[in-house]
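Biologist: I should like to request a close look at a single part of this protein. Please take one helix and the strands that cover it, and explain the arrangement in terms that a first-year student can follow.

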Amino acid sequence: MEIPGLVEITSYDELREVVPEPLQHAADKTRKELHELDRQWLAESPFCLIATSAADGSCDVSPKGDPAGFTKVLDDTTIAIPERAGNRRIDGFTNILTNPHVGLIYLLPGRGETLRINGRARIIREAPFFDDMVVKGNRPQLALVVEIEEIFHHCSKAFLRSKLWKPETWNPDAMPSRAKIAKALDRPGDDLATLETYYGPQYEEGIYKVKY
């Protein structure tokens, strides 16, 4: 697509002309092992994003959420993340089969900083620690084991700019309901009333009852 006036950067040197080298403390902050503060963060975090890329370069980012502490620390360089049943697309898992590299961002509600982990993932279908991942009777059928290659804490600038955690900026009704979006984009053949019921209170009530 041609965009009038567009000036593209195509080399590292060009990029560094715009963005100078990082300060030394930022360049050196990555670690390869979990610190006690990282363990505390994981114990308090109920949500993370997992970025993956297939061998052909196609990408995916998938949200994962469970009660705080859902990520299990196996040792100083290894964590495990339970997989709950969803829409069965398994885009990220499919990517991992051809390219094990993953990037994770862990959030704490109300905090602007994030914990970032980069590493290599394996898809596990059974392990003794699955018994520690039971939530409301749901034992995961799969989990990701991530071998940490890089870990660091990221500053809060993006959250401060976006005001993400400021309730006065929230406007969930700016968009149509999930049922209406599904009707328009995903499930046009379904009755709207049926979709409204499906995505109503029973949806949350049943999220741990679903199995693949």
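Modeller: Two strands are said to pair if DSSP finds at least two bridges between them. With that term in hand, β6 and β7 are joined by 11 bridges and run antiparallel. This is a predicted model, and every statement that follows should be read in that light.

The protein chain holds eight helices and seven strands, and the part chosen here is helix α4, which comprises residues 91–98. Which residues of this helix are buried? They are Gly92, Phe93, Asn95 and Ile96. Seen down the axis of α4, these buried residues fall within an arc of 155 degrees, so they line one face of the helix. The cover over them includes strands β1 (47–53), β2 (59–65), β4 (78–83), β5 (101–107), β6 (114–124) and β7 (142–154).

Three of the strands named in that cover, β5, β6 and β7, may be followed in turn. β5 pairs with β6 over six bridges, in the antiparallel sense. The two strands form a hairpin, with six residues between them. In the turn of this hairpin, glycine 110 has a positive phi of about 90 degrees. Within the pairing, glycine 103 is placed opposite asparagine 118 of β6. On the side of β7, asparagine 118 stands opposite glutamate 150.

The loop between β6 and β7 contains lysine 136. Although lysine 136 is not a glycine, its phi is positive, at about 50 degrees. Most residues other than glycine have a negative phi. Is lysine 136 buried or exposed? Its relative accessibility is 74%, and therefore it counts as exposed, the cut-off for that term being over 50%.

Lysine 163 also has a positive phi, of about 55 degrees, without being a glycine. This residue belongs to the loop between α5 (157–162) and α6 (178–186). Because its relative accessible area is 46%, lysine 163 is described as partly exposed.

Finally, the part may be set within the whole. Of the 212 residues in the protein chain, 29% count as buried, and the four named in α4 are buried residues of this kind. Among contacts between residues at least 6 apart in sequence, 63% join residues at least 24 apart. The C-alpha trace spans about 55 × 55 × 40 Å along its principal axes. The protein chain exposes about 14,200 Å², of which carbon and sulfur atoms supply 55%.

Conventions:
Residues numbered from 1 in each chain as written. Predicted model: local features only at pLDDT ≥ 70, side-chain atom pairs only at ≥ 80, totals over all residues. Heavy atoms only, no water. Buried < 20%, exposed > 50% of the residue type's maximum accessible area, 1.4 Å probe, protein only. Arc of directions from axis to C-beta. Contact = heavy atoms within 4.5 Å. Areas by Shrake-Rupley, 256 points an atom, 1.4 Å probe, with all protein chains shown as cover.
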